[in-house]
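Open the model in your viewer and keep the selection panel at hand. We will go from domains to the whole chain, and then to the ligand.

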Amino acid sequence: MQLFGSTDSGHSYKIRSFLLLTNTAHDYQWVDLSNKPTAFLAISPFGEVPVLLDQGQVFCQSNAILIYLAQRSRQFTGGEEWQAALEWLSWEANRIGFSLPNYRFALHWQPQPPEVMRYLQQRLLADLNTLNEKLAAREFLLKSGPSIADISCSAYLFWLDQTGIAVTDYPNIQRWLAAICLLPGWCHPDQAMKSMPGPD
Ligand SMILES: N[C@@H](CCC(=O)N[C@@H](CS)C(=O)NCC(=O)O)C(=O)O
């Protein structure tokens, strides 16, 4: 199994995290997004990371890859809460997986006009409130325990401090992230996604 991903890409980190948490043998290929190699562009359907190669088949779009990996390994599926896991993945794609990466990207790499920054920040704050409320009564997003819903929704949150927003303002999120960190095999994105990772 080969994973193409990049530093600072929480979308890629979701997949790397799943593979590390499930102790799945894989080869992590770091991609320079400022100068995408021809070989990567040849296989990446949208020219984006992450891309996963498994037995000659190409998989893209982070949440779709998570669904593939969970079904294939029967791990982190949420069990009988599979449907709820899928609902969280859809929420992530349009909410926390949209607002946080775009706000962070605009702050650090591609400044946007003030009204766009305000829009992204407000949307992010609303998403953080939603997550914090949902996590008030449970340790993980699904009652049954850690699942791809947590892997997906938490990915960019390990970089929340880069937006100037303190996780301590969202105590349930803070507790949830701490619980994810304790899962065997978990690795912080700064470490997991660097260009020259150590041996898995
Ligand atoms: N919807 C995609 C988003 C992937 C995405 O935005 N990838 C970014 C890095 S985080 C990328 O490859 N950007 C490079 C580009 O678009 O040129 C997913 O869930 O995988």
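A word on terms before the first selection: the domain bounds used here come from an automatic or database domain assignment. Keep in mind, too, that this is a predicted model.

**Stop 1: the two domains.** Select residues 2–75 together with 186–192 and colour them as domain 1, then give 79–181 another colour as domain 2. If you place a marker at the C-alpha centre of domain 1 and another at that of domain 2, the markers will be 20 Å apart.

**Stop 2: where the domains touch.** Eleven residues of domain 1 and 13 residues of domain 2 make up the contact. Which elements should you select on the domain 1 side? Pick α1 (10–21) and α3 (62–73), the elements that contribute two or more residues there. The biggest share on this side comes from α1, with five residues. Colour the domain 1 side by class and you will find six nonpolar, four polar and one charged residues.

**Stop 3: a span from the record.** Now select residues 1–77, which an unreviewed UniProt entry lists as "domain: GST N-terminal". This span is 39% helix and 21% strand, and a distance label between its end C-alpha atoms would read 20 Å.

**Stop 4: the whole chain.** Switch to a cartoon of the full protein chain, where there are nine helices and four strands to find. Tracing from the N terminus, you pass through β-α-β-α-β-β-α-α-α-α-α-α-α. The radius of gyration is 16 Å, close to the 16 Å that the globule rule gives for 200 residues, so the protein chain is as compact as a globular protein of that length. A box drawn along the principal axes to hold the C-alpha atoms would be roughly 45 × 45 × 30 Å.

Try colouring by burial next: 36% of the 200 residues count as buried. If you plot a contact map, look at the contacts with a separation of 6 or more; 70% of them join residues 24 or more positions apart.

**Stop 5: around the ligand.** Finally, which residues are around the ligand? Select Ser-9, His-11, Leu-33, Gly-47, Glu-48, Val-49, Pro-50, Gln-61, Ser-62 and Asn-63. Show their side chains and colour this shell by class: three are nonpolar, six polar and one charged.

Terms used:
Residues numbered from 1 in each chain as written. Predicted model: local features only at pLDDT ≥ 70, side-chain atom pairs only at ≥ 80, totals over all residues. Rg over C-alpha atoms; globule rule 2.2 N^0.38 Å. Buried ≥ 20, exposed ≤ 12 C-beta atoms within 10 Å, placed from the backbone. Contact = placed C-beta atoms within 7 Å. Near = placed C-beta within 6 Å. Nonpolar A, V, L, I, M, F, W, Y, C, P; charged D, E, K, R; others polar. UniProt positions renumbered as here; feature names shortened; annotations may be inferred.
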